[in-house]
Amino acid sequence: MAEDLRVTERLVIPAGELRERFSRSSGPGGQGVNTTDSRVELSFDVVASGALPQSLRNRIVERLAGRLVDGVLTVTASEHRAQLANREAARARLAALLRDAAAPPPPPRRPTKPSRAAKERRLTAKRRQSQLKQSRGRVRDE
């Protein structure tokens, strides 16, 4: 059986909660293409997991709602010819997804106003640009 999946320093998914399925990968591969099951599907049941605290589980389910099917997150890897390399790629992809979804939300934005000097610089630049464009006009004979 595979080893535990380390997502962050504190979050580790036990190997027993991960399910791997193997199938034939598409694309070129020579003589062994029809005989080796190198494509890997790695599944993790987020909703039923005992490794996730309730608050973290809710955050992950909310952020990955579009990717979950009945509470199960599935990642596939078939870019390598070797099954072992695809297993490692799928585990890395799953860990990255969970790490991003488990990250705390960013602090709220503190609204700020432009300073008086910044407003004055902006208006001065606008006046200068306006004068420049006006000077490009036709010369009138008066």
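Start by selecting Arg128, which lies in helix α3. With 57% relative accessibility, Arg128 counts as exposed, since the cut-off for that word is over 50%. Keep in mind as you go that this is a predicted model. Now add Ala101 and draw a distance between the two C-alpha atoms: Arg128 and Ala101 are 27 residues apart in sequence and 48 Å apart in space.

**Along helix α3**

Stay on this helix and select Arg116, found in α3, which covers residues 116–135. Is Arg116 buried or exposed? Its relative accessible area is 76%, so Arg116 is exposed. Next, show the side chains of Lys113, Arg116, Lys119, Arg122 and Lys126 together. On the surface, these residues gather in a patch of positive charge. Colouring them alike will help you see the patch.

**The loop before it**

Move to Pro107, in the loop between α2 and α3. Pro107 has 72% relative accessibility and therefore counts as exposed. For another distance, pick Ala96: Pro107 and Ala96 are eleven residues apart in sequence, and their C-alpha atoms are 22 Å apart in space.

**Salt bridges**

How many salt bridges does the structure hold? There are four. Side chains of opposite charge can pair when their charged atoms come close. Three of the pairs follow here, beginning with Glu20 and Arg87.

Select both of those residues and zoom in on their side chains. Glu20 and Arg87 meet in a salt bridge at 2.8 Å, N to O. Glu20 belongs to strand β3 (residues 18–23) and Arg87 to helix α2 (residues 83–102), so this pair ties together parts that are 67 residues apart in sequence. Turn on a surface if you like. Glu20 counts as partly exposed at 25% relative accessibility, and Arg87 also counts as partly exposed, at 23%.

Now go to Glu41. Which side chain meets Glu41 in a salt bridge at 3.5 Å, N to O? The partner is Arg21. Since Glu41 lies in strand β4 (residues 39–45) and Arg21 in strand β3, the pair ties together parts that are 20 residues apart in sequence.

Keep Glu41 selected and add Arg39. The side chains of Glu41 and Arg39 meet in a salt bridge too, at 2.9 Å, N to O. Show the three residues at once: salt bridges that share partners join Arg21, Arg39 and Glu41 into one network.

Look at how much of each is covered. Glu41 is buried because its relative accessible area is 16%, where buried means under 20%. Arg39 counts as partly exposed at 25% relative accessibility, whereas Arg21 counts as exposed at 54%.

**Two sides of helix α1**

Select residues 54–63, which form helix α1. Which residues of this helix are buried? They are Leu56, Arg57 and Ile60. Turn the model until you look down the axis of α1. Seen this way, the buried residues fall within an arc of 100°, so they line one face of the helix. An α-helix has 3.6 residues a turn, so residues three or four places apart point the same way. Then rotate to the face turned away from the buried side, and you will find the exposed residues Ser55 and Glu62.

**Just past α1**

Continue to Leu64, in the loop between α1 and β5. At 8% relative accessibility, Leu64 counts as buried. Add Leu18 to the selection: Leu64 and Leu18 are 46 residues apart in sequence and 17 Å apart in space, C-alpha to C-alpha.

From there, step along to Asp70, whose place is the loop between β5 (68–69) and β6 (72–77). Check the backbone here. Phi of Asp70 is near 55°, a positive value in a residue other than glycine. With a relative accessible area of 77%, Asp70 is exposed.

**Last stop**

Finish with Asp4, in the segment before β1 (5–6). Asp4 counts as partly exposed, because its relative accessibility is 44%. For a closing distance, pick Ala77: Asp4 and Ala77 are 73 residues apart in sequence, and 18 Å separates them in space, C-alpha to C-alpha.

Methods:
Residues numbered from 1 in each chain as written. Predicted model: local features only at pLDDT ≥ 70, side-chain atom pairs only at ≥ 80, totals over all residues. Heavy atoms only, no water. Patch = residues over 30% accessible without salt bridge, like charges linked within 9 Å, V, L, I, M, F, W, Y side chains within 5 Å. Areas by Shrake-Rupley, 256 points an atom, 1.4 Å probe, with all protein chains shown as cover. Lys, Arg positive; Asp, Glu negative; His and termini not counted. Charge placed at Lys NZ, Arg CZ, Asp CG, Glu CD. Helix = DSSP H or I, 4+ residues; strand = E, 2+ residues; numbered from the N terminus. Buried < 20%, exposed > 50% of the residue type's maximum accessible area, 1.4 Å probe, protein only. Arc of directions from axis to C-beta.
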